Amino acid sequence: MKRKLRRRISPESMSLATRAIHGRKLFPYQGTVSTPIAQTSTYRFASSHDAVRYAQGDPDVYVYTRYHNPTVREAEERLALMMNAERALLFSSGMAAISSAVFSLVGAGDEIISTPALYGGTYRFFRDILPHYNITVKYVQPDSLADMRDLVTRNTKLVYFETPTNPTLGLVDIAKVVAETRRAEKRVGARITIMIDNTFASIVNQDPFSLGVDVIMESGTKYLGGHSDIMAGVIAGKKKFVAAVHTQLKYFGGCADPFAAYLMVRSLKTFELRVHRQNENALALAKFLRRHPKVTRVLYPGLSSHPQHLIAKKQMNGFGGMVTIEVAGGVKSAVKVCDSLNVALNAMSLGGTETLVSIPVYSSHVNMSRGELKSHGVTPGMIRISVGVEGIEDLRRDFQQALDRI
Ligand SMILES: *Cc1c(COP(=O)(O)O)cnc(C)c1O
């Protein structure tokens, strides 16, 4: 009997979901459907010849888990495949990914152009740590980041931003920033890397590479991990760049743990499903909340009332799971609502299967002056909602009863 040959379909032609479930080599491990955890710090050489191969730079020789690990590599290969990146690197956290990537791009005397609308950890890293290395950060408001041309000098090495922003869900026009950066680059005769923190949208909803961005960072703790149970971070980009970041990873030590990498691979399989459901729930909840008399504002890029809704439609495939509302009566009312919710949990972080709420003036924007809050667009009555995958009717009922207590 003639054996039928299986025809191989290129993974690049497959959907994001299929890439996540199978990775590059469909069924990479004999026998097991799920990915084994290589819970080891070191590796036994078959012979000293392996050590020589490693010394000569062969990437297929494993020597030590801070450098390489098969489970971590499996997560990285799937992420690269899903992100259409030449290579992706997994870290122990989003901040490990950000700091390692930034330090591989800038050194003493260099300049970064960014916006103040950054994740708190990144903002403080830029403000408090980079000056020790004589690295300057110049800030532009996110909606006018493309007007950065006068700030670019020969020392500008990096343009760094997030969109949508936290917690006001403002947008940066990605294509416009890319075009302006390339123009400025020519004018000063320097090469500038454009890096985005894509955590809020996630790659399901926003593909910055297709818009000309060089480097994508995502906190794997959020939508990619998606179950509020791991810490992880991802850097994706060109091979040469990611290799340079890998060198930083080895010295700063922010390597991913094999078990977290295993959970990441597991989570990737439902990543698209979860995010689609979160998009749907968030839009439905945003529309519902807009009608409640105690809700004075609803910020969600998917609402036509959002001032940058057209930009959202242009650069996003889905509008995400983050919704921010403002309630009448300031922070007292916000506290009352958060303490009255039952289905939604009062907790920091975002991107998990469960709906979480937090009050920006008590979390991401704690201890900021009135002036700083104003420039960030944050008001005391704001509640940030990370919408989960629960039944939408349960969420509506929960918010209804909590808001009715104001
Ligand atoms: C959480 C978060 C980070 C940092 O990620 P960690 O995994 O907590 O280190 C960076 N950027 C954004 C937008 C985040 O939400």
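Me: Before we start, when does a residue count as near the ligand?
Reply: A residue is near a molecule if one of its heavy atoms lies within 4 Å of it. Keep in mind that this is a predicted model.

Me: Okay, so how many residues surround the ligand?
Reply: There are 15 residues around the ligand, and the closest are G94, M95, D197, T221 and K222.

Me: What kinds of residues make up that shell?
Reply: The shell divides into seven nonpolar, five polar and three charged residues.

Me: What does the side chain of K222 do with the ligand?
Reply: An N or O atom in the K222 side chain sits 2.7 Å from an oxygen atom of the ligand. The backbone joins in too: a polar backbone atom of G94 is 2.8 Å from a ligand oxygen, and for a polar backbone atom of M95 the distance to a ligand oxygen is 2.8 Å.

Me: And how much of the ligand's accessible area does the protein cover?
Reply: On its own the ligand has 380 Å² of accessible area, and the protein covers 95% of that.

Me: Which elements give two or more residues to the shell?
Reply: Those are α4 (94–105) and α8 (220–224). The most comes from α4, with three residues.

Me: Switching to sheets. What's the strand order in the one with seven strands?
Reply: The order is β1-β7-β6-β5-β4-β2-β3, in an open sheet with mixed pairing. At the edges are β1 (87–91) and β3 (136–139), each pairing on one side only. From one strand to the next, the twist averages 20°.

Me: How do β2 and β3 pair, parallel or antiparallel?
Reply: Parallel, over four bridges, with β2 covering residues 111–114. Within this pair, E111 stands opposite T136 in β3.

Me: Which strands does helix α5 touch?
Reply: Helix α5 (residues 120–129) packs on the sheet against β2, β3 and β4 (156–162), and its direction makes about 125° with that of β3. Helix α9 (residues 239–252) also packs on this sheet, touching β1, β6 (215–219) and β7 (233–237), at about 20° to the direction of β1.

Me: What about the sheet with five strands, what's its order?
Reply: That open sheet runs β8-β9-β12-β11-β10, with mixed pairing.

Me: Why is one side of β8 and of β10 left without a neighbour?
Reply: Because β8 (295–299) and β10 (345–346) stand at the edges of the sheet, each with a single partner strand.

Me: Who's the partner of L345 in β11?
Reply: The bridge partner of L345 is L356. Strands β10 and β11 (residues 356–358) run parallel and are joined by two bridges.

Notes
Residues numbered from 1 in each chain as written. Predicted model: local features only at pLDDT ≥ 70, side-chain atom pairs only at ≥ 80, totals over all residues. Heavy atoms only, no water. Pairing = 2+ DSSP bridges. Axes fitted to C-alpha atoms, helices over the stretch in contact; angles between N-to-C directions. Contact = heavy atoms within 4.5 Å. Polar contact = N/O pair within 3.5 Å; in protein donor to acceptor, adjacent residues only side chain to side chain. Areas by Shrake-Rupley, 256 points an atom, 1.4 Å probe, with all protein chains shown as cover. Nonpolar A, V, L, I, M, F, W, Y, C, P; charged D, E, K, R; others polar.
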